[in-house]
Amino acid sequence: MDLKKKILSFIKTQSLSKPGSKLLVGISGGRDSVVLTHLLHQCRHDLSITLCLAHFNHRLRASSLHDQRCVANLAKELNIDLITGSRPLVKSPVKASEDEARQWRYEFLIKTAKRIHADAVVLAHHENDAAETVLMRLIRGTGLNGLRGILPQRLMEGVNIVRPLLTASRDEIRVYARKHQLTYCEDETNKQVIFLRNKLRHQLLPLLVKEYNPQMMSVLSDLAKTVSDDYELLNSLVLAQAKENLVKFKRTVKIKKCFLDSAHPALVRLMLRHAFMLITGDLNQLSYTHVNKAQELILSHPVGSIVHWPKGVAVVKKKGTIEVRI
């Protein structure tokens with residue numbers, strides 16, 4: 001199927017945008033985000049959307065300014081507004097981790113989306129990225145939520161993040177860029193194996209494909225899709241139980257202890273995660289270890305015991321309830 005038709009179909013079936021939506025497209029200047037921008041520009045009339053580009057300069061590479069100029073040229077060529085942001089200059093720059101650079105970029109995109117009243121932030125993650133993410137999370141340790149990989153859409157701090165390219169492979173994106181003669185920037189750090197994702201992409205995945213399963217990418221992608229369906233079913237059960245057993249206040253969520261004592265451990269974990277999301281806005285930083293400690297608190301610790309979670313959240317055992325508060 002033609003990539004434009006494929007992406008249009010995915011956007012509509014996944015309800016990634018509505019007619020009249022204003023979309024903020026995160027663009028680095030690399031091939032994936034340039035193709036995403038070009039595709040959305042081609043689809044703008046079909047979808048009845050308006051576009052705005054957002055570029056964040058991390059100032060971590062010598063070529064960062066060149067990337068920003070390439071993005072500016074593309075924005076001018078397509079007649080799309082461009083908003084740029086950057087990391088403040090420091091006298092003695094410290095090498096940033098993958099997670100730190102990602103955090104800066106997302107903070108900029110979310111703040112920008114709120115400021116211009118965008119309906120969603122659009123990112124260029126594709127099918128291969130999703131498969132790599134599943135493998136990376138397996139290595140680091142994860143549960144069902146992590147095994148879903150990269151989702152087509154999710155809320156972050158009240159902003160909808162959508163990813164229309166998840167149905168496209170890296171090869172399809174490469175072919176599209178060549179066909180339309182798109183100019184993009186090559187990030188030299190993408191080939192450096194100092195980052196975990198790059199190690200997986202250039203070392204581990206090729207080995208798995210060559211020595212163990214030629215369809216490894218599809219296996220990981222299919223796993224993510226299957227787990228996502230299973231997770232949604234479990235989550236719907238949690239939401240149904242929350243109506244009877246959970247009460248949310250401004251800075252506190254109270255869960256009936258009798259429910260937590262009798263429910264299946266999987267439902268208990270998901271209910272605790274749900275409580276964390278209700279008061280923080282997302283599940284970032286909450287790990288299986290954090291949730292497991294809270295389960296131990298419920299089962300065996302005395303009333304008044306406290307477990308501390310990320311983002312200043314505390315789980316407190318009361319006589320008839322478990323309080324998750326910030």
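**Note on Asp-282, the sheets and the helix packing**

1. Not counting residues up to four places away in sequence, Asp-282 touches Glu-157, Phe-276, Met-277 and Lys-311. The model is a predicted one, and the remarks below should be read with that in mind. Asp-282 sits in the loop that lies between helix 11 (265-280) and helix 12 (288-300). Although placed in a loop, Asp-282 is buried, its relative accessible area being 3%, which falls under the 20% that separates buried residues from the rest. Of the residues it touches, Lys-311 deserves a separate mention, since the side chains of Asp-282 and Lys-311 make a polar contact at 2.5 Å.

2. Helix 11, which precedes the loop of Asp-282, also packs against helix 9 (residues 216-245), with the two axes 10 Å apart and at an angle of about 70°. Helix 9 is therefore roughly perpendicular to helix 11. On the side of helix 9 the contact is made by Tyr-231, Leu-234, Asn-235, Leu-237, Val-238, Leu-239, Gln-241 and Ala-242, and on the side of helix 11 by Leu-267, Leu-270, Met-271, Arg-273 and His-274. By residue class, this contact of helix 9 with helix 11 comprises nine nonpolar, three polar and one charged.

3. A second helix pair can be described in the same terms: the axes of helix 5 (residues 127-140) and helix 8 (residues 196-211) cross at roughly 95° and come within 10 Å. Helix 5 is thus roughly perpendicular to helix 8. Helix 5 contributes Asp-129, Glu-132, Thr-133, Leu-135, Met-136, Ile-139 and Arg-140 to the contact, while helix 8 contributes Leu-196, Arg-197, Leu-200, Arg-201, Leu-204, Leu-205 and Leu-208. The residues of the contact of helix 5 with helix 8 divide into eight nonpolar, one polar and five charged, whereas one charged residue is counted in the contact of helix 9 with helix 11.

4. Six strands form an open sheet with mixed pairing, in the order 3-2-1-4-6-5. Strand 3 (81-86) and strand 5 (153-156) stand at the edges and have a single partner strand each, so that one side of each is left without a neighbour in the sheet. Direction ignored, neighbouring strands of this sheet are turned against each other by 30° on average.

5. Within this order, strand 1 (residues 22-26) and strand 2 (residues 50-57) pair in the parallel sense, with five bridges between them, and Gly-26 stands opposite Ala-54 in strand 2. Helix 2 (residues 31-47) lies across strand 1, strand 2 and strand 4 (120-122), and runs at about 160° to strand 1. Helix 3 (residues 64-78) also packs on the sheet, where it touches strand 2 and strand 3, and its direction makes about 170° with that of strand 2.

6. Strand 11 (residues 321-325) pairs with two strands that should be considered together. Strand 8 (residues 252-256) runs antiparallel to strand 11 and is joined to it by five bridges; here Thr-252 has Arg-325 as its bridge partner in strand 11. Strand 10 (residues 314-317) is also paired with strand 11 in the antiparallel sense, over four bridges, and Val-315 stands opposite Val-324 in strand 11. The connection from strand 10 to strand 11 is a hairpin through three residues.

Note on methods. Residues are numbered from 1 along each chain as its sequence is written. This is a predicted model: local features need pLDDT of at least 70, side-chain atom pairs count only at pLDDT 80 or more; totals for chains, interfaces and linings use all residues. Side-chain values use heavy atoms; hydrogens and water are left out. Buried means under 20% relative accessible area, exposed over 50%, partly exposed in between (1.4 Å probe, protein chains only). A polar contact is a pair of N or O atoms within 3.5 Å; within protein, one must be able to donate a hydrogen and the other to accept it, and residues adjacent in sequence count only if both atoms are side-chain atoms. Contact means heavy atoms within 4.5 Å. Axes are lines fitted to C-alpha atoms, for helices over the stretch in contact, and angles run from 0 to 180 degrees between N-to-C directions. Angles under 35 degrees count as roughly parallel, over 145 as roughly antiparallel, 65 to 115 as roughly perpendicular and the rest as oblique. Ala, Val, Leu, Ile, Met, Phe, Trp, Tyr, Cys and Pro count as nonpolar, Asp, Glu, Lys and Arg as charged, and the others, Gly among them, as polar. Two strands pair if DSSP finds at least two bridges between them.
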